[in-house]
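Me: I should like to go through a structure with a few questions on its strands, a loop and a helix. Please reason briefly and end each reply on what was asked for.

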Amino acid sequence: MADTGLTFYHASPSRSSAVLLLLEELGVPYELHLLSLKNEENRQPAYLAVNPMGKVPALRHNGAVITETVAIFLYLADLFPEKGLAPAIGDPLRGPYVRWMVFYAACFEPALVDRAAQRDPGKRAMSPYGDYDSVINAILGQLGSGPWLLGDRFTAADVLWGSAFAWTTGFGLVRETPEMRAYIDRLNARLAIIRGREKDKELAAGQA
Ligand SMILES: N[C@@H](CCC(=O)N[C@@H](CS)C(=O)NCC(=O)O)C(=O)O
């Protein structure tokens, strides 16, 4: 495949692992720039020039930098429409797709982190996510019986949510439900995801 011009800034394992899985699903080549969080390579000037937040993941594409997991997901899935991981503009699934992608960053992550830190989310009306249970119920309601978040269509949103459920239930941050378990297992059974997890494990071992 021709050079894609993609550079992926990754630390293994971390939130950027989900992007690695997405790249594996897309099956496109990229240049990997591995950072050690333990050695605080993400806090050095060279990386802060890429992402002033010092956070991974980040992506560079033909000179433009994209940070924030969800932005990277939306960008990559749209960049390779032929892979079919993003409903196109005009497709009735496009709205729900963008909705549940953004819901991840705008509601789920803040709710998760507040809960993990045992922080009071404050008044429901003032909180960007209302309350934790509403967030979990909303995403589980969307998942329904699946098999995927948008029904029969597998999209990049499933890589994001399936891998998020896997690590958050794994750490005991989110209580696993049978529907969630089945969804995680469905994602983990995909060949690209198996390959991606294997690759990420090797990267982590190489850094240890
Ligand atoms: N809002 C960011 C959060 C990314 C994030 O928190 N990444 C963690 C890894 S799990 C990180 O880079 N931590 C290193 C640090 O902050 O020093 C996103 O969604 O991409």
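Reply: Two strands pair if DSSP finds at least two bridges between them. The model under discussion is a predicted one.

Me: In which sense do strand β1 and strand β3 pair?

Reply: Strand β1 covers residues 6-10 and strand β3 residues 58-61. Four bridges link β1 with β3, and Phe8 stands opposite Leu59 of β3. The sense of the β1 and β3 pairing is antiparallel.

Me: Which residue of β4 is the bridge partner of Leu59?

Reply: Strand β4 (residues 64-67) runs antiparallel to β3, to which four bridges join it. In the hairpin of these strands, two residues lie between β3 and β4, and Asn62 has a positive phi near 50 degrees. The partner of Leu59 in β4 is Ile66.

Me: Is Asp120 buried or exposed?

Reply: Asp120 lies in the loop between α4 (94-116) and α5 (132-143). Its side chain reaches the backbone nitrogen of Gly122 at 2.9 Å. The relative accessible area of Asp120 is 66%; because the cut-off is over 50%, Asp120 counts as exposed.

Me: Which residues is Thr168 in contact with, leaving aside its neighbours within four places in sequence?

Reply: Thr168 belongs to helix α6 (residues 156-170) and is buried, at 0% relative accessibility. The side chain of Thr168 reaches the backbone oxygen of Phe165 at 3.5 Å, but Phe165 is among the neighbours within four places in sequence that are left aside. The contacts of Thr168 are then Phe108, Leu112, Leu173 and Val174.

How values were computed
Residues are numbered from 1 along each chain as its sequence is written. This is a predicted model: local features need pLDDT of at least 70, side-chain atom pairs count only at pLDDT 80 or more; totals for chains, interfaces and linings use all residues. Side-chain values use heavy atoms; hydrogens and water are left out. Buried means under 20% relative accessible area, exposed over 50%, partly exposed in between (1.4 Å probe, protein chains only). A polar contact is a pair of N or O atoms within 3.5 Å; within protein, one must be able to donate a hydrogen and the other to accept it, and residues adjacent in sequence count only if both atoms are side-chain atoms. Contact means heavy atoms within 4.5 Å.
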